[in-house]
Every structure is written in structure tokens, then in C-alpha cells.
Amino acid sequence: MFRNSMISLAILASGMSHATQTPQQIVDRISEDLLIHYQVEANTSDANNLPCQTLGADWALCNKSVMTLSNQGQAINNKDWSLYIHSVRIILSLDSEQFTIARLTGDLYELKPTAAFKGLEQGESLDIPVIGEYWQLFESDFMPRAFVNHEQAELECSSKWTLRI
């Protein structure tokens, strides 16, 4: 009887461990499992009908890129995290109901899930269209290595990053 109770308790605890992750475990897991891919789609605003002037782009020049978040691990359903990303070019617009972006200072931005974030299952990807000022010419225009953040945890660097110009 005691042995059966211990086995039942172990099974119950293993099932609860995913649901009761600490903020640091959430940050660590996302930094290990989230692949970020950045692809420039349009580098000239004239030929691509981008709303550069409406968005306030200097000289009415902007580019369109797509940031793809791909989950290579366990489902990400928590909404209490964010990514710190760097962009030399000012990010003017983010076309996503599931994420917001805020310029914190200089080239540092915070990409954060909204209440509409549906989560990312294992193997699932989410495309986030981004409009930035001017153009993207070099890989350093959108700097690699995002940092995963949670208010109650240490930052972790995500090294799974690809960029195509």
C-alpha cells in the first residue's frame, strides 16, 4: 500500500513540475528552446508599398522583415516573459496581435507576449512582420543574441539565432 502511494505521488509530482516552473526555469527553457530567425523581405519602400511616411520613417524610407519564433522544445504557454533584442534601425511597427514591441533605449527593444498570445507548441513557429526605418544591409543591422527576460529571474542569452539579408 505504501509503495503504491509513493508511485502515485511520484507520477503526480512529475506531471505538476511543468505547470509549476519557477520564473528562472521558464527563462532558461525558453532561452534553450526558442529559435529566432530574421529574414528581410523588402528593402525598398517605393516598390513594396510600405507605409513608411505614415509610420513616421525618416525620409519616408523603411524596410519589411519577418521575425520567426520557432519552439524546438516543450510548449511555451507562459505569457510572463519577454525578449530583449537589438536593432540598429528603429523599429516602426510590429504586425502581431500576440506580441508588442517597445523601444527601451538606443537600439534595445522589448518584445513581449500579449494576452492574445496563443503559446507555441513543440515544433510550432510564429511569423512576426516587422517594419524598420531605412534599410537592412548587413547582418549587424539587426544584432544577434536575444535575451530572455522575466521580472523575477536572471536574464539568459538565446544563442539560437539566424539572419538572412
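Start by selecting residues 82-87, which make up strand S3, together with strand S6 (residues 108-113). In this predicted model, S3 and S6 run antiparallel and are joined by 4 bridges. For a landmark on this pairing, pick Leu83: across from it, in S6, sits Leu111.

Now add strand S5, residues 99-105. S5 also pairs with S6 in the antiparallel sense, this time over 6 bridges. Click Phe99 and look for its bridge partner, which is Pro113 in S6. Then follow the chain round the turn: S5 and S6 form a hairpin with 2 residues between them. Gly106 is in that turn, and its phi is positive, at about 50°.

Is S6 enclosed or open to the outside? Show the surface around residues 108-113: 5 of the 6 residues are buried, so the strand is largely enclosed by the rest of the structure.

Stay on S6 and select Leu111. Which residues does Leu111 touch, once you skip its neighbours within four places in sequence? The contacts are Met67, Leu69, Ser82, Leu83, Leu94, Phe99, Thr100, Ile101 and Ile128.

Leu111 is also a good way into the largest nonpolar core, which has 25 residues. Colour Leu34, Met67, Leu69, Trp81, Leu83, Phe99 and Leu111 to pick out those with the most contacts inside this core. Then zoom out to see what feeds into it: helix H2 (23-33), S1, S2, S3, strand S4 (91-94), S6, strand S7 (125-133) and strand S8 (142-149) each give two or more residues. There's a second, separate core as well, made of 6 residues, with Ala42, Leu50, Cys52 and Cys62 among them.

Those two cysteines are the next stop. Select Cys52 and Cys62 and show their side chains: a disulfide joins them, with an S to S distance of 1.8 Å. Where does each end of this link sit? Cys52 is in the loop between strand S1 (34-42) and strand S2 (62-71), while Cys62 is in S2 itself, 10 residues apart from its partner. If you go looking for others, the structure holds 1 disulfide.

Turn the view to look along the S-S bond. Which hand does this disulfide have? The torsion about the bond is about -70°, so the disulfide is left-handed.

Last question: are these cysteines buried or exposed? Cys52 is buried, with a relative accessible area of 2%, and Cys62 is buried too, at 1%.

Technical notes: Residues are numbered from 1 along each chain as its sequence is written. This is a predicted model: local features need pLDDT of at least 70, side-chain atom pairs count only at pLDDT 80 or more; totals for chains, interfaces and linings use all residues. Side-chain values use heavy atoms; hydrogens and water are left out. A disulfide is a pair of cysteine sulfur atoms within 2.5 Å. Buried means under 20% relative accessible area, exposed over 50%, partly exposed in between (1.4 Å probe, protein chains only). Two strands pair if DSSP finds at least two bridges between them. A nonpolar core is a set of buried Ala, Val, Leu, Ile, Met, Phe, Trp, Tyr and Cys residues joined through side-chain atoms within 4.5 Å. Contact means heavy atoms within 4.5 Å.
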